[in-house]
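Please open the model in a viewer and keep the selection tool at hand. The stops below follow one after another.

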Amino acid sequence: MMENRSGRNNNNIEQDRKKMYIKLIVLAILLHSAQSQTEFTCPAGTVSVPTRPPRVAPGNYESIILPINNTIRDVFIYWQTVEEIEMCDYSFEYRAYYVTMTKDNRIIMHPSNGTSLNRAKFIGLRTNTSYNFRIYSANKNGLSSNYASLFLSRESDELEKPLSFTSNKQIVGRSNTYQLSWTSNRSKKFSAGDQLDYYTLYWCLGDSKYVHQCVDQLNWLHVPISETSYNLAVPNDSFGREYVFAISVDRVKNSFNSNNTVSSGILWEPCKTLHFDPYNTFIVTNVWATIVSSTYIGLRWKLDCTETFDLVDEFNIIYCPTISGNQCSGTQQQTTFDNKNMRHDRVAFNFITGLYHSTTYLIKIVMYSNSSHMNSIPISVKTLPKNTKIT
C-alpha cells in the first residue's frame with residue numbers, strides 16, 4: 001500500500017511540476033513582451049508616430065568586456081523589427097537608450113553609439129553597474145508611445161552561457177531542419193522554487209557582410225533548461241542566404257517587480273568555414289572606437305566568425321587625417337601587429353597613437369592570411385581637444 005501511495009504522490013508531484021513550469025513560462029512571456037502580438041496599422045490619412053516599439057526577450061544583448069580594462073564593457077542589444085505597415089512613415093528608424101535617475105527623480109536618456117536594423121551599440125558601460133534599456137520606434141512625427149524594455153545585470157550577476165552551441169543542417173522538402181545542440185554550464189545553481197530558468201533559441205537570415213546582423217526578422221522561442229538539443233524547421237531562402245543561430249540562458253522570478261530577470265546574454269554559433277572572398281567582401285566588421293583622447297584612439301573590431309582568428313597572420317590599422325568623406329587630407333600611416341595577444345573572447349583591440357588633437361581620422365582594418373587580405377569598411381573618428389582629461 002505504501003508503494004502505491006508513493007507512486008501516486010510521485011505522479012502528482014511530476015504533474016504539479018509541469019503545471020508550474022507552464023505557468024512560469026507563460027508569466028515569462030507576459031512579463032517580457034513589450035506589447036501584445038497584435039499587428040497595428042497606422043490611421044489612414046493622419047499624421048502618426050509608429051504604432052508600437054520592437055519586441056525583445058530578456059537575453060537580447062551581447063556584452064563584450066574591454067581587454068585592457070575588465071571594468072568596462074561594450075554592449076550590443078538586439079530586437080525583433082516591426083512590420084512595414086506599422087512604421088507610419090518612410091522616415092522610420094529605431095532609437096535605443098539606457099536610462100539613469102537623478103537625485104531629484106528625473107529620468108535621463110543616454111542614446112546609443114550606433115543603431116542599425118535590428119541592434120544598437122553602447123560603448124564604455126561599467127561591468128559593476130546594471131542598466132535599463134529602452135528601444136523606441138520613431139519617425140519624423142515622434143517616438144512610439146510605448147517602448148521595449150531590456151534589463152542588463154551587473155557582469156557578476158549574469159548567468160553562465162552554455163559551453164558550446166552548434167547547428168546541423170538537414171534539408172527536408174521545401175524547408176530546412178536544423179538540429180541545434182548545446183552543452184550546459186551548470187556551475188551556478190539553477191531554478192529555485194520562486195523562479196524559472198530556461199533557454200532561448202534565436203535565428204534569422206544572416207547578412208553576408210556583417211557579423212550577427214539579420215536581413216529579416218530575428219525570431220526566438222523558449223525551451224526547458226533540462227534540454228540540450230532542439231530541431232528547428234525554417235523555410236528555404238530563395239536568395240540562398242544562410243541562417244544564423246544563437247542561444248541564451250534566462251531566468252525570470254515569479255513576481256511582478258521590475259528587473260526580475262537575469263540572463264547570460266546571447267551566445268552566437270561560431271561559423272564553420274572562413275569566407276575569404278576573391279572579390280574582397282568586407283569580413284573585418286563592426287570596427288568601433290572604444291577609447292578616444294586628444295592623441296590616441298583605442299579600436300575594437302569583430303570578424304565574421306571566431307575561427308578566423310586562428311587563420312590570421314597579422315592585422316594592419318591604416319589611418320590618415322581627413323576633412324570630409326572617405327578621402328585622406330594628409331599622409332597615410334599604418335601600424336602592424338599579429339594576433340597572438342588577442343583575448344580569449346576573440347575580439348581584437350589595439351591603439352593608434354601620436355595623433356593630432358581635434359582632428360578627424362579615417363581608419364580601416366586590413367587582415368592578412370597567407371596571400372589573401374580583407375579590408376574593413378572605413379570609419380571616421382575625431383580626437384579630443386588638446387589637454388582634455390578622459391574620465
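Select C328 first. In this predicted model, C328 is partly exposed, because its relative accessibility is 36% and that class lies between the 20% limit for buried and the 50% limit for exposed. C328 is placed in the loop between strand 20 (314–321) and strand 21 (333–337). Leaving aside residues up to four places away in sequence, C328 touches C320 and P321. Now add I363 to the selection: 35 residues separate I363 from C328 along the chain, and their C-alpha atoms are 10.0 Å apart.

Next, zoom out to the whole protein chain. DSSP runs give one helix and 25 strands. Of the 391 residues, 45% are buried. The accessible surface comes to about 20700 Å², and carbon and sulfur atoms account for 49% of that surface. Among contacts between residues at least 6 apart in sequence, 67% join residues at least 24 apart.

Turn now to strand 6 (residues 119–126). Strand 2 (residues 69–78) pairs with strand 6 in the antiparallel sense, over six bridges. To see one of the pairings, select R73, whose bridge partner in strand 6 is L125. Then select strand 5 (residues 114–115), which also pairs with strand 6 in the antiparallel sense, over two bridges. Here T115 has A120 of strand 6 as its bridge partner. Three residues form the hairpin connection from strand 5 to strand 6.

The remaining stops concern charged side chains. Side chains of opposite charge can pair when their charged atoms come close. How many salt bridges does a search of the whole structure find? The search finds eight, among them the three that follow.

Select E86 and R52. Their closest N and O atoms are 2.8 Å apart, and the two residues form a salt bridge. This pair links distant parts of the chain, 34 residues apart: E86 is in the loop between strand 2 and strand 3 (93–101), and R52 is in the loop between helix 1 (2–32) and strand 1 (61–66). Both E86 and R52 are buried.

Move to R251 and D197, a salt bridge with its closest N and O atoms 2.7 Å apart. Here too distant parts of the chain are linked, with R251 in strand 15 (residues 243–253) and D197 in strand 12 (residues 195–205), 54 residues apart. R251 and D197 are both buried.

Finish at D157 and R154, where a salt bridge has its closest N and O atoms 2.9 Å apart. D157 is partly exposed, with a relative accessible area of 35%, and R154 is partly exposed at 40%.

Terms used:
Residues numbered from 1 in each chain as written. Predicted model: local features only at pLDDT ≥ 70, side-chain atom pairs only at ≥ 80, totals over all residues. Heavy atoms only, no water. Pairing = 2+ DSSP bridges. Helix = DSSP H or I, 4+ residues; strand = E, 2+ residues; numbered from the N terminus. Buried < 20%, exposed > 50% of the residue type's maximum accessible area, 1.4 Å probe, protein only. Contact = heavy atoms within 4.5 Å. Areas by Shrake-Rupley, 256 points an atom, 1.4 Å probe, with all protein chains shown as cover. Salt bridge = Lys/Arg side-chain N within 4 Å of Asp/Glu carboxyl O.
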